[in-house]
Amino acid sequence: MYWQEELETMSRENLKKLQLERLKKTVEAAAHAPFYKKVFEERGITADSIQSLEDLQKIPFTTKQDLRDNYPFGLVAIPLQKCVRLHSSSGTTGNPTVVLHSQKDLDEWANQVARCMYMVGLRDTDVFQNTSGYGMFTGGLGFQYGAERLGALTVPAAAGNTKRQIKFITDFGTTCLHIIPSYATRLAEVMYEMGIDPRRDTKLHTVCIGAEPHSEEQRRRIEQLLGVKAYNCFGMSEMNGPGVAFECKEQNGLHIWEDNVIVEIIDPVTLEPLPEGEVGEMVLTTLNREAMPLLRYRTRDLTCILPGDCPCGRTHKRLARFKGRSDDMIILKGVNIFPIQIEKILMNFKELGSDYLITIETVGNSDEMLIEVELSDLFTDDYSVLQRLTKEITRQLKDELLLTPRIRLVAKGSLPTGEGKAVRVKDLRKLC
């Protein structure tokens, strides 16, 4: 099931026919969920209301707050006894979001992840090591079942314990890692500290990176440090988990599997649809899920649909690298800033490490931005060099952001690190 040529290279016309057929079935199924039943009755929506893909816009958006407000099972469309697993968010600021799956949902999800892995050249001869957390986090089990469906030997290492991860890589002959970008650079740094050159002393050739926004510059750094090809992947628990979209070997956008989802790009303010090539908020509709179909779900992720065809021959639309999230945007002195813009500049300096922290705070009557960034092992402690480097970083960031941040270069290892998603922004204005 992991190489589905008929689906992956289907003509756009036939793909739209398949989407419409599945959308009608999805609307019919969603009507059994208490939340959608109420929405449909209020708006007079039935499966027969959907006669074209454009009719999708008759359906209102679904938001994360809707999932929280209808916690735990208000969006479930089948009897609970037919559900076999649920995943949920941490819910640290209120009710968590909960997503349920039938056995068919899990099988389809495994096929989709295996399809992604096969697309980047992974086969049943590979040794796949998963550094993601298991349990409620979908990255662990999602890739685990996908790799097993592919037939690879799997190493469910889970998150943490970097030296153990490295021992597994070297002892088991790991060829592929699933890893978040910030942890990939940390893993490489520890390898070199231990005297291990991953390009010479391991069999690594591929890493699948995702779960946090990262720049092209960070991807290239990971590839250089580990001696691998790093492929960007996108997933979210509301859409199953990993495997919603994935790069092919061309590395020129993420193919989003349109046999399983309909993708829309909207203006996050006006909520109007945007044409190909314009950056906006991604909205997704599931097309092949039994337990908990979601219609026009606002992901808050900012991207665009890339125009043109991919040389790989796959016809499914491609998404540009994610710019950030509409709810992660920093507004400072009237300027909209995304952390990914800052990272893009920082990663171009070989004198800098991979860890940085953006702090927004009120100084006097003005809001200011402080960017702390660690130096790499390549940097000398020459004060004049330090001054010139700080000045050049400030200049480039000013050109990019249209305001002048304060830059503080700190010794390697000075900033707090973890093995989960990196914390990149502290907005202290919220505490005032």
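The exercises below work through helix packing, cysteines and salt bridges in a predicted model.

Residues are numbered from 1 along each chain as its sequence is written, and side-chain values use heavy atoms, with hydrogens and water left out. In this predicted model, local features need pLDDT of at least 70 and side-chain atom pairs count only at pLDDT 80 or more, while totals for chains, interfaces and linings use all residues.

**Exercise 1.** Describe how helix α7 packs with helix α8.

Solution.
- Locate the helices: α7 covers residues 162-172 and α8 residues 181-193. Helices are DSSP runs of H or I with at least four residues, and strands are runs of E with at least two, numbered from the N terminus.
- Take the geometry. The angle is about 75 degrees, and the axes lie 10 Å apart. Axes are lines fitted to C-alpha atoms, for helices over the stretch in contact; angles run from 0 to 180 degrees between N-to-C directions.
- Classify: α7 is therefore roughly perpendicular to α8 (65 to 115 degrees; under 35 is roughly parallel, over 145 roughly antiparallel, the rest oblique).
- List the contact (heavy atoms within 4.5 Å). From α7 come Thr162, Lys163, Gln165, Ile166 and Ile169; from α8 come Tyr183, Leu187, Val190 and Met191.

**Exercise 2.** Find out whether Cys233 and Cys312 are in disulfides, and how accessible they are.

Solution.
- Apply the rule: a disulfide is a pair of cysteine sulfur atoms within 2.5 Å. The whole structure has zero disulfides.
- Check Cys233. The nearest cysteine sulfur, in Cys208, is 6.0 Å away. Cys233 is buried, at 9% relative accessibility (buried is under 20% relative accessible area, exposed over 50%, partly exposed in between, with a 1.4 Å probe and protein chains only).
- Check Cys312. The closest cysteine sulfur belongs to Cys310, at 3.5 Å, so it is too far for a bond. Cys312 is partly exposed, at 28%.

**Exercise 3.** Place the salt bridges of Glu21, Arg219 and Glu392 in the fold.

Solution.
- Count first: there are 29 salt bridges (a side-chain nitrogen of Lys or Arg within 4 Å of a carboxyl oxygen of Asp or Glu).
- Glu21 pairs with Lys25 at 3.7 Å. Both lie in helix α2, four residues apart. Glu21 is partly exposed at 42%, and Lys25 is exposed at 51%.
- Arg219 pairs with Glu247 at 2.8 Å. Arg219 is in helix α10 and Glu247 in strand β8, so the pair ties together parts 28 residues apart in sequence. Both residues are buried.
- Glu392 pairs with Arg395 at 2.6 Å. Both lie in helix α12, three residues apart.
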